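Could you take me through some of the labels people put on a model like this one? I'd like to see each value set against its cut-off.

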Amino acid sequence: MLRALAAAAILGLSLPLHAQPIRSAPLRIMPIGDSITEGSDGGYRYPLFKKITASIGMPNFVGRRNGHLSDPVDMPDHDHEGYSAYRIDEITSGEGFWGAPPIEVRLKDWDPAVVTIHAGTNDAQQHYYFWGDDAIGMPNVIQRLDDLVSRIVAYNPAIHIIVSTIIPANAPASDRTISYVERLNARIPELVARHKAAGHRVSLVDCYTPMLAYPNPDGIHPSAEGAQVMAEVFFKGLKAIGAVPVNPDPGRDDGLHQVDNYSTVSSTPWSLVPNLLRAKSATFESAQTTGYAGKHPTTVLNDGKLDVVTNDKDALSTTTFTLATSAHTSGYDVFEIRSMAGMPMAANEDDRSHQAYEVWWAGVDAPDNFQRLGDFHHIMVNRDERASQILISRLDGQPLARQVKKIQFRFIEPPLRQYGFFGIGSPVRYREIEALGVPSAVAR
């Protein structure tokens, strides 16, 4: 995930009482493919990310795979759905060396607005039932690509799907592979046209033709210059969609604003405005936790310290903070939600993944009527540093919610992520949760 300033945009809907319009969350884009999508040094994903950021604002690349071990250090978003050596049927089903749930599950986990597809290179290179086999019911390569596109459409027809022709194969690839790439590419425009005629949000881009001028160093994977070319092709395809797509679920946070990565202490000031939740402060009234089965008390969540962590391995608890409103009967305007992920408590403990929580709030007029602000995910950025993180959600110059009485954190099970080769970590612990804000100026 990448940084974001707010949880979500509530577009075309009436806003709950006291809520402020939340700026549209970063556009969720799921790059789907094989090792060409996974890439080396970020592949085409990195230049594509930069082009989108410069044009429409920072996107959120999503997916089960995480390329932080091979991506550039300064690349802010490592997520993708690129599976090295996977054929189209394996990308769709998830059944293969890397292991993954079916495409529908991955779409549900990450909820993209746009999907980019560059797939079929391994079908051609492996010469895998390129023409199909009726005797065993094996569809041919274009039917397998159609199945992938059709299942995405069936899951959510609002998703924009950008399908690319696959890049050329050259020496030392065999003549047969070169021919198969050309034959597959000849069929892809027809596939896209058929979906467009059916009213599906499917469009075509051509990575093959411009890449002829940039031979692949190993015959299959693009050079750094080739990755730039592919990024430009996909970027033009995204712009051709027209208006910036809206994320399917406007209640999800996409990202978190990652402020710092560190091992023991933060170089970033923790509180810029008063923390409403801090225990024993004038703004804090009470906290109630249900469902927690961890080792350490949840009172450390709002003690204002960074030296103790909870042990939220079950990831299913809920903590509700009630704010003191006797002196401020109009409640509080909440400007930021912050949380800090815990470090390992011993050298042999492993916190390589992320944990997720939803934020809900209730106003002074209806303190038991909770409104969902969004869901937020801690992620591990550098597997080797065993680092902690502060994550922030905020708007520029306006509150996330006004006249707030209660703030609720619902810790949820995050989607599984795959780091490196096989590492799928478990949820991390929390060290501190804060809501930063001020008394509401609205008179009652």
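Here are a few labels, each checked against its definition.

This is a predicted model, where local features need pLDDT of at least 70, side-chain atom pairs count only at pLDDT 80 or more, and totals for chains, interfaces and linings use all residues. Residues are numbered from 1 along each chain as its sequence is written, and side-chain values use heavy atoms, with hydrogens and water left out.

Q: Why is alanine 213 called exposed?
A: Buried means under 20% relative accessible area, exposed over 50%, and partly exposed in between (1.4 Å probe, protein chains only). Alanine 213 comes in at 56% relative accessibility, so it counts as exposed. You'll find alanine 213 in the loop between α8 (208–211) and α9.

Q: How do you know that the length of helix α9 agrees with its number of residues?
A: Helices here are DSSP runs of H or I with at least four residues, strands are runs of E with at least two, and both are numbered from the N terminus. The expected span is 1.5 Å times one less than the number of residues. For the 17 residues of α9 (residues 224–240) that gives 24 Å, and the end C-alpha atoms are 25 Å apart, so the two agree. Among the buried residues of α9 are Val229, Met230, Phe234 and Phe235. Just after α9, glycine 242 takes a positive phi of about 105°.

Q: What makes strand β17 largely enclosed?
A: Eight of its 10 residues (residues 430–439) are buried, so the rest of the structure largely encloses β17.

Q: What makes β11 and β17 a pair?
A: Two strands pair if DSSP finds at least two bridges between them. Strand β11 (residues 332–341) and β17 have nine bridges, in the antiparallel sense, so they meet that definition. Arginine 338 stands opposite glutamate 434 in β17.

Q: Which residues make the contact between α6 and α7?
A: First, the geometry: the axes of α6 (residues 141–155) and α7 (residues 175–197) come within 10 Å and cross at roughly 35°. Axes are lines fitted to C-alpha atoms, for helices over the stretch in contact, with angles running from 0 to 180 degrees between N-to-C directions. Contact means heavy atoms within 4.5 Å, and the residues making it include Val141, Ile142 and Leu145 of α6 and Leu184, Arg187 and Ile188 of α7.
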